[in-house]
Amino acid sequence: MLIRISAIVLVLMVLFIPVSQAQDNNVFILEGFVRTANNEALSYATVRTRNDRFTITDADGYFELRIPRNQMREQMWLEVRFVGKQTYRADFLIPDGATSYRHDVKLLKQDLYLTEVTVSARQSEENVSNSTYVIDRIAIEQAQAYTLGDLLQIIPGQTITNPMLQGAQSINFRSNLPSQYSNNNAFGIGIFVNDASMNNNANMQGYNPVTNNAFRSFGSTRVSTNTYQTGDSPGGGFDLRELPVGDIERVEVVQGIASARYGDILEGGIFIETVAGRSPWNINVRRAAGNTNLGVNKGIQLHPRHALNVSFDYFNSNADPRDRVKSYNRVTSSLLWTSYLGEQRQIRNTVSVSFRTNLDDFQIDPDFGTEQRVYYQNQTFSISNRLTIQSQSLMFNNMTLSVSANTGRSTSLLDQFVNPGVLPVTDVITEGVHPGTYHPSSYRTERQILGEPLSLSSRVQFNRAIDLGEWTHNVSYGVNASFDGNYGDGRVFDPLRPIRFGGATTNERPISYREMSPESWQSGAFLENSISGEINGRRLTTSLGLRGDLQNGYANVSPRLNTRFNITEAFSITGGYGIQIKAPGLLHLYPGPDYEDYILLNSYNGNVSESVFLSYTRVSTNTSEDLKPMKSRRMEAGFQLVLPAIRLGTTFYRNVTDDGITVLREPSFLDLPVYEIVDRPPGQAPVIEDTGETSRVIYAQGRVANMLYSRNWGVELTASTPRIESIQTSFSLNVSYTNSYYFNRGGNFNFGGRTPQPEEEIWYGIYPPNKSQSGRINALLTSMHHISDLGLLVTLRSEMFIYNYTEVLSNSNRAIAYVNNQLNIVPIDENEINDPRFDVLDRNPVDGSFTRDPSFVYFNFHANVSKNISSAVRLSFFANNFLNIRPEVINSEGNLVRRLNQEPYFGMELRLTL
């Protein structure tokens, strides 16, 4: 597939990219000089227009953009970027009939001496939707974040917490969902670094979900009274701890409807651009509690057309600095090589290489030698290439070809001392009756999951700007393909030395991923048109897209629409609709065989050679058949008001996610043979024989299925002010209300309460799904007291937790279907639900309940003080919950249930720009 797409790209390049540039009378020349605040020439700054014409400045700071006349606009938009400088963006008018225009630019240093700085996520000015937020370089630096997960806490709807680094970090968008619903939400958020996808598709670091009835790994580490989660996150979101923020230039977060260019996403996307091109030394050292972080970044201009950016990040976190028993370590290094080729620098190529290693470690303390040890290590090598070619052909203005590869090695380990006594055990992998053996009364054992994930992706995109009268059309179209596989040794353990507690099952068997060869292929195509023009003098901007995807044999079509209509210059309304689809990951598609061992005979007298254990092993292999992609239907509407003194925005949204992935359990039965002991010879194993009789066993057969439904709706309010000169302070407010309604469409079976006989027609009842809903209202007020003359910034973030509730909806005691003696599901007609013959299926009704927890409003306050000692040195102090506000939740008996907010967390950072 990837080879075919590459061949198509080459053909298109030959057919549609002209050999020579257009004649001068067919182009408009936009030129100028880029200088610093001291009027010094700024070489190698990146310059681009809205239709993606780009170049870099030369040694004198001069740039020249040759724009085909059919792409010219009366109003030109220009962006100039340079690492360490404030990005310049401006609209300006081009005189009628002009064949060239000069526009000079000054870039100011990006530090706290700037007149205006922003430390919050702001709504994107380039995106049509109100649901897109941008975090720029200054905000990234002021967040003092160790990971991408820490940084994303400042977008609307999230909560600021102390760094949680002893387990995997993930994020949910616009929901208040529990357990597997939340995992699906996190799994469906796309992450793209320099246009290369980073996902959890190939992660298989977990138990067999069918056998264990959940997507989980080895659980947690217990150290005395403390419990720490592991970092492998199977079936959930990408571990955000893997991505440091020191080399990130810009983050764009789409919580609503993403561009049609992007497939295999369910809930939104996170789009990251890292630092590229020439840049000064950037060094930061951060220390807080048991956390230490060192980051270094430098951009080197190797040649007027070639630049190399190098980044290194080291991070160490100790859960308790006093004992260093539990720790997390991360080492990340990356290279980004940017080249401009062609006579007019019309070709740009970016090669990105990175290596990441993460270690969740646990040292066994002699005082707790019997405690469980959970260890996780992940090493990942990533390489990507993004080639952009400017053209003047009729088919496209520019073409972008992106290819990427991620490969790694993951190790999950569970080490446990167990003392369950002598018990029977078997290790057979074929169905039928087999003799077993016994394990010792106590032993130390371990389990490993060894994964070698591989992910490949490619996308080719063409852009074409078209003017039709007063309307402008920016058309994008292209194709993409991706592949995921995992070729590790898989689940490695000794089934004759099982771990019999802590949630582990004795029924699972080792399995090699390499032999199973789990693989997933996806391909897609998209067409998108961004239309802008005026209706009766009022500006309308609409992005209308359509994409089609083929994911593991399932074809889907996804329309995407975002629109903005300016009622006045200051007031605009927005709206959007779209469908987004996420394919299952390898752990969903390839859970492995499901084993269940049934004891037929067990006679142990203290001597294994004189004892007998006989079991029947059931094997189920097709436990993920007919698994489909998950689908999200998304709608939103809002408005924005931009005045000199304030900027207001409101977005109402409603997102319905269907075909969510979970483990479904359905009734089945086995007729087991009955054996008996007929003789016990001295010094020998007992003699057994088959009686010829059978005993029926009813069991719940699991499978991975699309059964979860959730509906999330809410409203987000944002407000911000520019700096108020009289108090030199600006304010930003985010208020979010989220409501989630959810249930499992799978059969709500009741296996308990009765033992059906083979001759009975009605065996078990199936009841309406148990439905729940939950919601919350949070607010975040950020005040920024900025004295630019002193290079001083004092940031106070005030969180208000207004309302949080969970409601379990009432449910009937009557069955809506039943399972008959042939294990067929028979629906009960609505008019017969109260028929007395179904009374045997009655269960206790589910009484509805409503819980507000906590029952009061509470607050939390976080502070950050940053001071530029000079233009090269910045010192920052930061504190979470610096007022030590920890409200107590008390139950009806007057007992303490828990304390809200976390303990105060203090730290400092030194940042050097040389």
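## Salt bridges and an open sheet

E267 and R634 join their side chains in a salt bridge, with N and O 3.0 Å apart. E267 sits in the loop between β15 (248–254) and β16 (268–274), and R634 sits in strand β37, so the bridge ties together parts 367 residues apart in sequence. Both residues are buried. The model is a predicted one.

Strand β37 (residues 630–642) also carries E636. The side chain of E636 meets that of R174 in a salt bridge, at 3.6 Å from N to O. R174 lies in the loop between α3 (148–151) and α4 (179–187). The two residues are 462 apart along the chain. Are E636 and R174 buried or exposed? E636 is buried, and R174 is buried too.

Another pair has partly exposed partners. R514 forms a salt bridge with D489, and their closest N and O atoms are 2.6 Å apart. R514 belongs to helix α6 (residues 513–516). D489 lies in the loop between β29 (471–486) and β30 (490–493). This pair links distant parts of the chain, 25 residues apart. Why does R514 count as partly exposed? Its relative accessible area is 42%, and partly exposed means between the 20% and 50% limits. D489 is partly exposed as well, at 37% relative accessibility.

The three pairs are set out here.

| Pair | N to O distance | Separation in sequence |
|---|---|---|
| E267 and R634 | 3.0 Å | 367 residues |
| E636 and R174 | 3.6 Å | 462 residues |
| R514 and D489 | 2.6 Å | 25 residues |

The structure holds 38 salt bridges. Some share partners: D239, R241, K326 and D360 are joined into one network this way.

Now the sheet. Strands β15 and β16, which flank the loop of E267, belong to an open sheet of 6 strands. The order is β9-β10-β15-β16-β11-β12, and the pairing is mixed. Which strands stand at the edges? They are β9 (122–123) and β12 (196–198). Each has a single partner strand, so one side of each is left without a neighbour in the sheet.

Within this sheet, β15 and β16 run antiparallel. How many bridges join them? There are 6. One of the residue pairings is that of R250 with E273, its bridge partner in β16.

Key
Residues numbered from 1 in each chain as written. Predicted model: local features only at pLDDT ≥ 70, side-chain atom pairs only at ≥ 80, totals over all residues. Heavy atoms only, no water. Salt bridge = Lys/Arg side-chain N within 4 Å of Asp/Glu carboxyl O. Helix = DSSP H or I, 4+ residues; strand = E, 2+ residues; numbered from the N terminus. Buried < 20%, exposed > 50% of the residue type's maximum accessible area, 1.4 Å probe, protein only. Pairing = 2+ DSSP bridges.
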